[in-house]
Amino acid sequence: MDKQTARQMVHSAMLAPSSHNSQPWRFRLHENAIELFADRSRALPVNDPEDRELHISCGCALMNMRLAAAKAGIGLKVELLPQPDNPDLLAKVVQSAPEEEQPLLAQLADEIPSRHTVRSDYEPVSDAGDLISDLRQWARLEGVQLTAVSSEVQRQRIAGLVAQADQTLWSDPAWRRELARWMLPPNRGEGLAVSALWSPFVRTMIRWFNLGSLMARKSTKLVDRAPLLLVLSSCGDGPRQWLETGQALQTVLLGCCQRGYQGSFLNQPVQVPTLRNRLSKITGLASPQILLRVGRPVEKPIASPRRALSGMLDPVSNR
Ligand SMILES: Cc1cc2nc3c(=O)[nH]c(=O)nc-3n(C[C@H](O)[C@H](O)[C@H](O)COP(=O)(O)O)c2cc1C
């Protein structure tokens, strides 16, 4: 692949979603390959002690690279965790013959810049049967199961779990300190953007006050009103399955964008082991990984900041 295509692939990768917008990835460019590494200096040890979400975020970035390559007419051989003695090397993509589903992947690539996490309200949806079956297919291609919560009883039980998870997470001062550290002004190019004026105030509030009850009430409303509530679950629960989940998540989110939908995360119960077990029982899914609220946003989505690409490239990149 030429230098410009390699750079375009990495540029697409960095537009992927990541927990707390931590962008926990690094790239090493070779003549005909790109290596994706975990940047564990950007890990979230309290929120994500096993680096599960870190792998999912990097899986999203990997999928964006694959999509950008498809758009450039390049096929890729993708190896997940290619060096067992180097767990930081998450994936290697090597140029190869074009894939069969390349035209479909290329179409999704067009949506990469328009995907955003939209945490505000969504319009009600009357019939999303086709969308759900398309999204299910995208997830299945990566070996991941997508389930739409359809029963009202299930929805209410999940709302209860999300609210309980908010209370649990916010009651932990270490969790709040970690979140506060990632509330940053947009010019930092990372983190959950708050205006430069407000960021010191917001950080102090989060650090010192347990806002669990407030957040729980807000989350309950979000689950109640979510036009679509989707669960992504994997078969197994380790780094490989997390990378697969990330790739599936990214195609699902971009598939949503193709139809004017966006998504946002209600992952709190997956982050608390006892509540994750209960989510598993409620949904009948062995390893739930991601809980998503999906719909057509009422307001125009806003792009979140990103770090400069140069800071994500490994110094030994030979391009
Ligand atoms: C694995 C994963 C978990 C996430 N969990 C949450 C979450 O619990 N709550 C939330 O509001 N956003 C969550 N996000 C969304 C990120 O905060 C968001 O991707 C990041 O701020 C960048 O914004 P963007 O998606 O608009 O590009 C998550 C994203 C990923 C990939």
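**Ligand shell and cysteines**

Biologist: Which residues come nearest to the ligand?

Modeller: This is a predicted model, in which local features need pLDDT of at least 70, side-chain atom pairs count only at pLDDT 80 or more, and totals for chains, interfaces and linings use all residues. Residues are numbered from 1 along each chain as its sequence is written, and side-chain values use heavy atoms, with hydrogens and water left out. There are 18 residues around the ligand (a heavy atom within 4 Å of it). Those that come nearest are R115, T117, R119, S304 and R306.

Biologist: How far is an oxygen atom of the ligand from an N or O atom in the side chain of T117?

Modeller: A polar contact is a pair of N or O atoms within 3.5 Å. A polar backbone atom of S18 is 3.2 Å from a ligand oxygen, and a polar side-chain atom of R115 is 2.8 Å from one. For the side chain of T117, the distance is 2.5 Å.

Biologist: How many residues of the shell around the ligand are charged?

Modeller: Asp, Glu, Lys and Arg count as charged. The shell has 4 nonpolar and 10 polar residues. Its charged residues number 4.

Biologist: How many disulfides does a search of the whole structure find?

Modeller: A disulfide here is a pair of cysteine sulfur atoms within 2.5 Å. The search of the whole structure gives 0.

Biologist: Is C58 buried or exposed?

Modeller: C58 is in no disulfide, and the nearest cysteine sulfur, that of C60, is 9.0 Å away. Buried means under 20% relative accessible area, with a 1.4 Å probe and protein chains only. Because its relative accessibility is 0%, C58 counts as buried.

Definitions and conventions:
A polar contact is a pair of N or O atoms within 3.5 Å; within protein, one must be able to donate a hydrogen and the other to accept it, and residues adjacent in sequence count only if both atoms are side-chain atoms. Buried means under 20% relative accessible area, exposed over 50%, partly exposed in between (1.4 Å probe, protein chains only).
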